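I opened this model to look up its salt bridges and one of its helices. My entries follow in the order I worked.

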Amino acid sequence: MTPRLATPSAVAGMTMVTVGSMTANVASYLLALLASRLLGPAGYSEFASLLAAQLVLAVPALALQTVVAREVVLGGSDDALRRLGTRCAAIVAVIAALLVVPVAAVLDTGVGATGAALLTAPMLVLLATEQGLLQGRGRFGELSVVLAAAGLAKVVPAVVVLALGGGPGAALAAAAIGTGTVAVGARVVAGRGAAAPSGERVAERGHRPLAGVGVAAVLRASQVQLALIALSSVDLLLTRVVLDEAQAGQYALGAVATKAAFWLPAAVGVVLYPRMANPADSARAVRSALGVLVGLGAVAVVGAALVAPLAPLLAGQDYAPVQGLLWAFALAGACLAVLQGALLSAIARERTRIALVAWVGLAVEVGLILGFVSSIRQLITVAVVTAALTAAVVSVAALRSAD
């Protein structure tokens with residue numbers, strides 16, 4: 001039976017956001033394939049590890065977008081929310097600069113390449129502010145364009161640099177420049193029609209004061225997003241610790257299936273999130289989101305199993321060892337997508353303590369990987385089991401809380 005919230009407007013919004021995010025994700029997957037061929041297993045292992053580190057540092061951007069979208073729904077001022085975004089970007093820039101050398105040492109990567117990877121994080125924060133404004137107003141068509149542009153602007157310059165013989169550091173620097181350019185363009189897009197009413201807004205009697213809604217609110221949302229991103233990245237980050245270089249590169253390619261199953265259903269949470277933040281629709285929105293995510297996850301796992309024979313053809317015979325495990329990589333991503341939906345509902349209703357379950361799951365996964373893993377099969381098994389159990393517990397808690 002179709003969920004009540006699968007209205008024509010919701011379906012249209014999901015379709016538009018899916019097109020935008022899919023454009024960005026397809027570009028990212030092509031980048032992964034090209035980088036794996038041009039850099040080889042060892043070089044691609046460094047490249048993939050730095051992308052994973054970049055994703056972790058970009059957590060404030062993901063959190064900021066959810067906070068901005070929620071406050072727009074509740075009547076927050078656009079100007080005040082942009083000032084909040086600027087403060088967060090400045091904080092992230094300082095943290096990124098301080099972390100360059102330690103991250104390079106931990107991941108065994110070049111300092112220049114690491115700096116180029118982390119440079120993107122504050123730009124993503126500024127971009128997230130504008131995306132949150134568009135999301136909160138329900139302007140999903142324009143949000144779709146921004147998502148697609150952000151993905152392409154990050155990937156195309158990196159591909160060009162790699163094709164010209166550049167290494168991971170040069171490619172990541174080009175991606176950072178592209179991201180900054182799109183952040184400027186998104187500010188222009190979001191500024192148009194800023195006063196237009198949105199059907200998702202529940203505070204139509206004036207702007208909601210931002211007292212208590214500042215960096216602290218972003219930090220609370222950040223720890224939720226950080227738990228999710230850490231769970232989705234920890235196996236990839238630790239490949240260079242528990243596997244040799246060749247196996248780490250092979251695992252990194254298999255993880256492309258995990259990313260696909262994780263990110264492709266993102267439109268569900270993006271479109272239903274404003275309704276999760278609306279007290280009148282919150283419970284139904286949570287049930288609808290989780291139901292749709294489970295269904296899409298099943299499709300992703302079956303799809304990965306069907307296309308597995310093509311993996312060596314696309315990426316080269318060096319990556320044949322992960323061919324039979326692509327379905328497992330997709331299953332890990334599908335479980336993480338369900339977990340993301342449940343955690344988004346916690347941010348929307350400002351009940352972020354539920355993230356404690358995800359942190360426990362992360363600690364268990366790290367312990368198992370460092371203590372027992374020595375092969376690709378063992379590593380993906382730990383990732384799947386941890387993601388599945390964590391998603392189940394958090395989803396049940398989210399549903400009970402919503403009801």
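Entry 1, salt bridges. I counted a salt bridge wherever a side-chain nitrogen of Lys or Arg is within 4 Å of a carboxyl oxygen of Asp or Glu. By this rule I get seven salt bridges.

Entry 2, ground rules. The model is predicted, so I note that local features need pLDDT of at least 70 and side-chain atom pairs count only at pLDDT 80 or more, while totals for chains, interfaces and linings use all residues. Residues are numbered from 1 along each chain as its sequence is written, and side-chain values use heavy atoms, with hydrogens and water left out.

Entry 3, Glu-350 and Arg-70. I looked up this pair and found a salt bridge, with the closest N and O atoms 3.8 Å apart. Glu-350 is in the loop between α13 (326-348) and α14 (355-372) and Arg-70 is in helix α2 (residues 59-73), so the salt bridge ties together parts that are 280 residues apart in sequence. The helix labels are DSSP runs numbered from the N terminus (helices are H or I, at least four residues; strands are E, at least two). For accessibility I used relative accessible area: buried is under 20%, exposed is over 50%, and partly exposed is in between (1.4 Å probe, protein chains only). Arg-70 is buried at 4%, whereas Glu-350 is partly exposed at 43%. I also noted a network of salt bridges that links Arg-70, Glu-71 and Glu-350.

Entry 4, Arg-137 and Asp-78. Which side chain does Arg-137 meet in a salt bridge? I found that of Asp-78, at 2.2 Å from N to O. Arg-137 sits in the loop between α4 (111-136) and α5 (140-163) and Asp-78 in helix α3 (residues 78-107), so this pair joins parts 59 residues apart in sequence. Arg-137 is buried, with a relative accessible area of 4%, and Asp-78 is buried at 12%.

Entry 5, Arg-284 and Asp-281. These side chains also form a salt bridge, 2.5 Å from N to O. Arg-284 is partly exposed at 24%, and Asp-281 is buried at 17%.

Entry 6, helix α4. I read 26 residues and a reach of 38 Å from first C-alpha to last, close to the 38 Å expected; the expected span is 1.5 Å times one less than the number of residues. I located a kink of about 25 degrees centred on Met-123, where the bend is the angle between axes fitted to the seven residues ending there and the seven starting there. In α4, 20 of the 26 residues are buried, so the helix is largely enclosed by the rest of the structure. Just after α4, I noted a positive phi of about 75 degrees at Gly-138.
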